[in-house]
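Visitor: I am new to this structure and would like to be led through it. Could we start with how far to trust it, and then turn to its parts?

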Amino acid sequence: MPPSTIPPPMETGASPGAEPPLIRLVPPGPMSRDWLSRLQRTECPICFATPGDEPEPELSIVYSAAHGCNVIDLDGNRYVDLAAGFGAFLLGHLAQRPSRALDQQSHRLWAGLGDLYPSDAKIAMLELVAGLYPKPGARVLLCQSGSDAITAALKTAVLNTGRPGILAFRGAYHGLGYGPLAACGYKSSFRDPFLAQLNPHVAFAPYPADQKELSASLDAARSALAAGSIGAVVVEPVLGRGGCVDPPASFLPLVAELAEEAGALLIADEIWTGLGRCGAMLACSRVGVVPDILCLGKGLGGGLPISACVAPDNIMQAWKRTVGVVHTSTFQGNALACSTGAAVIEAVRAGNLAERADEVGRDFMDRLRDALHGAPGFRKVTGTGLMVGIALQSGALGAAACRNLLGRGYIVVTGGAQGEVLTITPPLTIGEDLLEGFVQAMADSLEALARA
Ligand SMILES: Cc1ncc(COP(=O)(O)O)c(C=O)c1O
């Protein structure tokens, strides 16, 4: 068990969970190091997969507690969490509404019996999630991870079309189960070791970062669809892990048109963008697209594992053609995750957090652009809402900046093909003072790295 002797970080007068960074011991401090070496003795070495890499405990910290936008590590350092569970903590850590819902549910019922005997919590969650689809009458398949939701969507598509083929986009990430992995355009190194076990009917088109790249992307999509064997077009409305790339506004509508003409279903992977993260409740709605299938995850459970595959009734009816219950799992519709998730959806709505993400995100991106203009190694700021990318010159600089910022008390992660994009996905509730503090730290960090 983690020790109970961690000194509480100094209070600054800011409200709990909204405190600026406080670094007492250069991270990782001795407690973190100790626990990290234990981690390395037992965990499958998935995190050190680059050939020649040795485990590097000095690149990590061990979380001990968190509240709002703050994370406390085992050495009592306090960070501002700009990663927020890879974008999952839309309301921050231990947010009041989901915490209360979780607490109440935990004293009543943890789980029903999967697809057999549902809980009231699951049914209420289904209704709320169905209401997130842009048209009424949608049906929902609850799952546990983003990867699961995409798997469910791919199955839904093949049941409808009978076609095994998938069109996906380079740079896109849909999770690593065998269904979505086949459509992973993020890095071929994710697929290569497993290629022999993956769906071979996947075509990739380039993802357009701007207007200039649009026609090449659409041409590639059109020619892949012309073969007639593609039943699903899976697309991130804004690339998340691929570097917070917001494509031209006409991209998604045109892809939707191409998919429809070809008789394929459009799967919108809103696992990252959805629920306000991109500055709208759904990124598809920003450009007037109603996808055939919508996938949600990450923020949906407020930190608990739950995701959803959502589609209109006529598309979901295809599941009736299967013999028996052919897609389920032990924890399907888990009551704890459902109650927590329902509270998240309500809180995002009640707090107008999508609109807030849009406003605060615009301002934040402007400030970053001003402060980083001409900074060594800085290329550009990308993204939308509160999914913001800071593109740097190289992956090496991305890793160095990430580490340097940790030392300054800011948790960020890297994305983009080479890890060259710092990815900022804070809670949608984050105070602008904390973002302002980061802008300064980011500028200082690049200057310091250039001098080193
Ligand atoms: C757009 C997108 N889709 C799917 C996934 C997979 O989600 P999970 O890691 O929960 O399986 C992710 C995860 O980062 C994602 O960003």
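Guide: This is a predicted model, and the protein averages a pLDDT of 94, with 94% of the residues scoring at least 70.

Visitor: Over which residues does pLDDT stay under 50?
Guide: Where pLDDT is low, the predicted coordinates should not be read in detail. One such stretch has three contacts in the model beyond four places in sequence. The stretch where pLDDT stays under 50 is residues 49-55.

Visitor: Which helix gives the most residues to the shell around the ligand?
Guide: The shell around the ligand divides into five nonpolar, seven polar and three charged residues, and of these 15 residues S145, G146, S147, G175 and I271 come nearest. Three residues of the shell come from one helix, spanning residues 146-161, and the helix that gives the most is α5.

Visitor: How many of the residues of strand β8 are buried?
Guide: In a regular strand the side chains alternate between the two faces of the sheet. In β8, L265, I267 and D269 point one way while L266 and A268 point the other way, and all are buried. Strand β8, residues 265-269, is therefore mostly covered, a residue counting as buried if 20 or more other C-beta atoms lie within 10 Å of its own, and the number buried is five of its five residues.

Visitor: What is the bridge partner of I267 in β9?
Guide: Strand β8 pairs with β7 (residues 230-235) in the parallel sense over four bridges, and the chain crosses from β7 through helix α9 to β8 in a right-handed β-α-β crossover. Three bridges also join β8 to strand β9 (residues 293-296), and these two run parallel. In β9, the bridge partner of I267 is I293.

Technical notes
Residues numbered from 1 in each chain as written. Predicted model: local features only at pLDDT ≥ 70, side-chain atom pairs only at ≥ 80, totals over all residues. Near = placed C-beta within 6 Å. Nonpolar A, V, L, I, M, F, W, Y, C, P; charged D, E, K, R; others polar. pLDDT = per-residue confidence, 0-100. Contact = placed C-beta atoms within 7 Å. Buried ≥ 20, exposed ≤ 12 C-beta atoms within 10 Å, placed from the backbone. Pairing = 2+ DSSP bridges. Right-handed = clockwise from strand over helix to strand, strands pointing away.
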